[in-house]
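Student: I have a new model open and would like to talk it through with you. Could we go over it together, one question at a time?

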Amino acid sequence: MSFTAVPLTLYPDMFPGPLGHSMAGRALESGTWSCTPVQIRDFATDKHRTVDDTPAGGGAGMVLKADVLAAAIDHAAAAHPDLPILAMTPRGVPVTQARVRALSAGPGAIILCGRFEGYDERIFDARPIEQLSMGDIVLSGGEMAALLLLDACIRLLPGVMGAASSGDDESFENGLLEYPHYTRPASWEGRTIPEVLRSGDHAKIAAWRKQQAQDHTRLRRPDLWERHIDARARPASGARRTEED
C-alpha cells in the first residue's frame, strides 16, 4: 500500500520539493509514496479567487477563510476518505517520533498548510482536524513544516532506508538523543576516536553508546531526560500494584 500525501496549499509547486531527491525521491519514483498537492485558491468562489480576509476585531495581517478552507478539505477528504486531516500550526501539539511512526504506518495524510495569520478558528470546530506543530518557531507558512513532517514519515516507509534497522538507534527513537559518531581517519587534528570504539568488543561498545546517549540527553535536553526517566519508572501497560494487609 502506497503512502499518500495530500498537501492543501497556496503554493503547490513547493511539493514534492526537496522530497523529490535522495531516498524520498527514489521512493517517490518507485511508487512507495505519492504526492498530490491541492491548490486552496481553486475553491474560492469570487472572481478574485479570494482566500483570506481581515481578522475580526481588527489587528495586523490576514486570516484564511473558513468557507474556502472547508471546500478544499471536503474535496480532498472525498477523494481520500481514509486519510487523517492534519493542520500545520504553531498552536498545534508538538510532533513526536512516536506520532511520526504512527503516521508512517498508516495510508498517508491530508495536510493543511497555513499562511498569513493562520486559519479562521471555526474550521477546527467544523472539521475533524488534528493540529500539529514542528517546534516553537514561526515559519512563513505551513509548507516547510509539512515537508519536514513528510520527510520524517517517508524515511520510515518499508524499503526507503537501506537497512531496516538503520533508524533504530537514532535520536528520539528510544526517548534519548543519539550517541556521537566517528569515522576514519583515527586521528584528526590531534583528536582521536575513543579507544572503546576501536576495541572490537561489541558489548563494551554498546555499553559506551548507551551511556553517551544518556549523558548527552541529560545535559542537552533535560526535558527529554525527565520523560525518559518517567517512562522507565512507570509499570508495564495494564499493570497495577496491589497492596495486601
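**Strands, helices and a few unusual bonds**

Tutor: Happy to! Strands β1 and β7 pair in the parallel sense, over 5 bridges. Keep in mind that this is a predicted model.

Student: Which residue is the bridge partner of Val-6 in β7?
Tutor: Let's look at β7 from both of its neighbours. Strand β6 (residues 85–94) also runs parallel to β7, joined by 4 bridges, and there Ile-85 stands opposite Ile-110. On the β1 pairing, the bridge partner of Val-6 is Ile-110.

Student: How many of the residues of strand β7 (residues 108–113) are buried?
Tutor: Take the two faces in turn. On one side Gly-108, Ile-110 and Leu-112 are buried, and on the other Ala-109, Ile-111 and Cys-113 are buried. Both faces are thus covered. The strand is largely enclosed by the rest of the structure, because the buried count is 6 of the 6 residues.

Student: Is Thr-9 buried or exposed, and what is its relative accessible area?
Tutor: Thr-9 lies in strand β1 (residues 3–9). Leaving aside neighbours within four places in sequence, Thr-9 is in contact with Phe-15, Pro-37, Val-38, Gln-39, Ile-40, Cys-113 and Glu-143. Buried means under 20% relative accessible area. Thr-9 is therefore buried, with a value of 0%.

Student: Which side chain makes a polar contact with the side chain of Thr-9?
Tutor: There is a backbone neighbour to set aside: the nitrogen of Tyr-11 lies 2.8 Å from a polar atom of the Thr-9 side chain. For a side-chain partner, look 2.6 Å away, and you find Glu-143.

Student: Are the helices α6 and α7 oblique or perpendicular to each other?
Tutor: The axes of α6 (residues 202–220) and α7 (residues 222–233) come within 5 Å and cross at roughly 125°. Angles of 65 to 115 degrees count as roughly perpendicular, and those over 145 as roughly antiparallel. The crossing of α6 and α7 is in neither range, so the two helices are oblique.

Student: How many nonpolar, polar and charged residues does the contact of α6 with α7 have?
Tutor: From α6 come Gln-214, Thr-217, Arg-218, Leu-219 and Arg-220, and they meet Pro-222, Leu-224, Trp-225 and Arg-232 in α7. Sorted by class, the contact has 4 nonpolar, 2 polar and 3 charged residues.

Student: Where does the cis peptide bond to Pro-185 start?
Tutor: Most peptide bonds are trans, so a cis one deserves a look. One of them runs from Phe-15 to Pro-16, with omega near 0°, and Pro-16 lies in the loop between β1 and α1 (22–30). Pro-185 lies in the loop between α5 (142–154) and β9 (187–188). The bond to Pro-185 has omega of about 5°, and its other residue is Arg-184.

Student: What is the phi of Glu-189?
Tutor: Most residues other than glycine have a negative phi. Phe-116, in the loop between β7 and α4 (122–126), has a positive phi of about 60°. Glu-189 is found in the loop between β9 and β10 (191–192), and is exposed at 58% relative accessible area. Although not a glycine, Glu-189 has a positive phi of about 50°.

Student: How far apart in space are His-48 and Ala-102?
Tutor: His-48 sits in the loop between β3 (38–39) and β4 (52–53) and counts as exposed, at 60% relative accessibility. In sequence, His-48 and Ala-102 are 54 residues apart. In space, C-alpha to C-alpha, they are separated by 40 Å.

Notes:
Residues numbered from 1 in each chain as written. Predicted model: local features only at pLDDT ≥ 70, side-chain atom pairs only at ≥ 80, totals over all residues. Heavy atoms only, no water. Axes fitted to C-alpha atoms, helices over the stretch in contact; angles between N-to-C directions. Parallel < 35°, antiparallel > 145°, perpendicular 65-115°, else oblique. Contact = heavy atoms within 4.5 Å. Nonpolar A, V, L, I, M, F, W, Y, C, P; charged D, E, K, R; others polar. Buried < 20%, exposed > 50% of the residue type's maximum accessible area, 1.4 Å probe, protein only. Polar contact = N/O pair within 3.5 Å; in protein donor to acceptor, adjacent residues only side chain to side chain. Pairing = 2+ DSSP bridges.
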